[in-house]
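Trainee: Please take me through this one term by term. I want to see how each label is earned.

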Amino acid sequence: MRLFLCTLLVLACAGGGARSPAPATTEYRDLEQAVVRLVNAYRVRRHLRSLVADTALARIARGHSAEMAARRVSFGHDGFDDRAKEAERRFDYSEIAENVALNDYPRSRTVTVAVDGWLGSPHHRENIEGNFDRTGVGVARARDGTWYYTQIFIARRRFSDPRP
C-alpha cells in the first residue's frame, strides 16, 4: 500500500524542545527544486507571484525532513517554533507556514505525489497560495524508502535582502 500523509501548519504549532541538528544533505536537491517548480507553476496559473527558492530556508527544511526520516521526531510539525526562530534570525518576516508530506512512491513520482497531495488539501493549498515571497524545501529519505518533505514559506515584512 502506498503511504501518503500530509499535515499543515499555518503560523504556529506546538514545538518540541531543542534537538541536535540532523545531518541534512543536499543529495535530493533535484527533488527539492522540482517541488519549487511545481508549486511556482501552480501559483503562476493562479496569477500569483512565484516564490523565491531560498537556500537558508531549504537548509532549515532539510534538517526537519532528515529528523523525520531518521525517526528522531514524529512525522509532523514537532520543533516548528525552533525552525521559525531560526528563520527569524535571517529574515524579518510577517508570516511563516510549513507543509510536510511523506510517501513511498518511486523517485520518478514522489514529488508529483507530494505536491498533488498538498494541492488536494484546502489547508495545504492555502499555504501554497498564501501571500508568501520565499520558500525552502527539504527532502530526505528513510532507510525503508519513505520520502519526507518539508516546505517552509515566509512573507518578508520588507522585501529586502536577508539579514546578515
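Trainee: How many bridges join β3 to β5, and in which sense do these strands run?

Mentor: Ten bridges join them, and the strands run antiparallel. One facing couple is Asn 103 and Trp 147 of β5. Before we go on, this is a predicted model: local features need pLDDT of at least 70, side-chain atom pairs need 80 or more, and totals for chains, interfaces and linings use all residues. Residues are numbered from 1 along each chain as its sequence is written, and side-chain values use heavy atoms, without hydrogens or water.

Trainee: What makes two strands a pair?

Mentor: DSSP must find at least two bridges between them. β3 and β5 have ten, so they pair by that rule. β4 and β5 are joined by eight bridges, also antiparallel. Arg 141, for example, has Trp 147 in β5 as its bridge partner. β2 (residues 52-53) and β4 have two bridges, in the parallel sense. There, Val 52 is partnered by Arg 134 of β4.

Trainee: What lies between β4 and β5 in their hairpin?

Mentor: Five residues lie between the strands, and Gly 145 there has a positive phi near 95°.

Trainee: How do you know what counts as a helix or a strand?

Mentor: Both are DSSP runs, numbered from the N terminus: H or I over at least four residues for a helix, E over at least two for a strand. The chain has five of each. In sequence order they read β-α-β-α-α-β-α-α-β-β.

Trainee: Why is β3 called largely enclosed?

Mentor: Count its buried residues. Nine of the eleven in β3 (residues 93-103) are buried, so the rest of the structure largely encloses it. Buried means under 20% relative accessible area, exposed over 50%, and partly exposed in between (1.4 Å probe, protein chains only). β4 (residues 134-141) is mostly covered too, with seven of its eight residues buried. Across the 164 residues of the chain, 50% are buried.

Trainee: Why is Glu 32 called buried?

Mentor: Its relative accessible area is 4%, so Glu 32 falls on the buried side of the cut-off. It sits in helix α1. Arg 29 is in α1 as well. At 39%, Arg 29 is partly exposed.

Trainee: What does Glu 32 touch, beyond its neighbours within four places in sequence?

Mentor: Arg 62, Val 137, Gly 138 and Val 139. Contact means heavy atoms within 4.5 Å. Glu 32 and Val 137 are 105 residues apart along the chain, and their C-alpha atoms are 5.4 Å apart. For the chain, take contacts between residues at least 6 apart in sequence: 78% of them join residues at least 24 apart.

Trainee: Why is α1 called oblique to α4?

Mentor: The axes of α1 (residues 29-45) and α4 (residues 107-119) come within 10 Å and cross at roughly 40°. That angle makes α1 oblique to α4. Under 35 degrees is roughly parallel, over 145 roughly antiparallel, 65 to 115 roughly perpendicular, and the rest oblique. The axes are lines fitted to C-alpha atoms, for helices over the stretch in contact, with angles from 0 to 180 degrees between N-to-C directions.

Trainee: Which residues of α1 and α4 meet?

Mentor: Asp 30, Leu 31, Ala 34, Val 35, Leu 38, Val 39 and Tyr 42 of α1 meet Arg 107, Thr 110, Val 111, Thr 112, Val 115, Trp 118 and Leu 119 of α4. By class, the contact has ten nonpolar, two polar and two charged residues.

Trainee: What makes α2 roughly antiparallel to α3?

Mentor: The axes of α2 (residues 55-69) and α3 (residues 80-90) come within 10 Å and cross at roughly 165°. That angle makes the two helices roughly antiparallel. Ala 56, Leu 57, Arg 59, Ile 60 and His 64 of α2 make the contact with Arg 83, Glu 86, Ala 87 and Arg 90 of α3.

Trainee: Why is His 47 called exposed?

Mentor: Its relative accessibility is 74%, so His 47 counts as exposed. It lies in the loop between α1 and β2. Its phi is positive, about 65°, although it is not a glycine. Arg 71 also has a positive phi, near 65°. Arg 71 belongs to the loop between α2 and α3. At 47%, Arg 71 counts as partly exposed.

Key:
Nonpolar A, V, L, I, M, F, W, Y, C, P; charged D, E, K, R; others polar.
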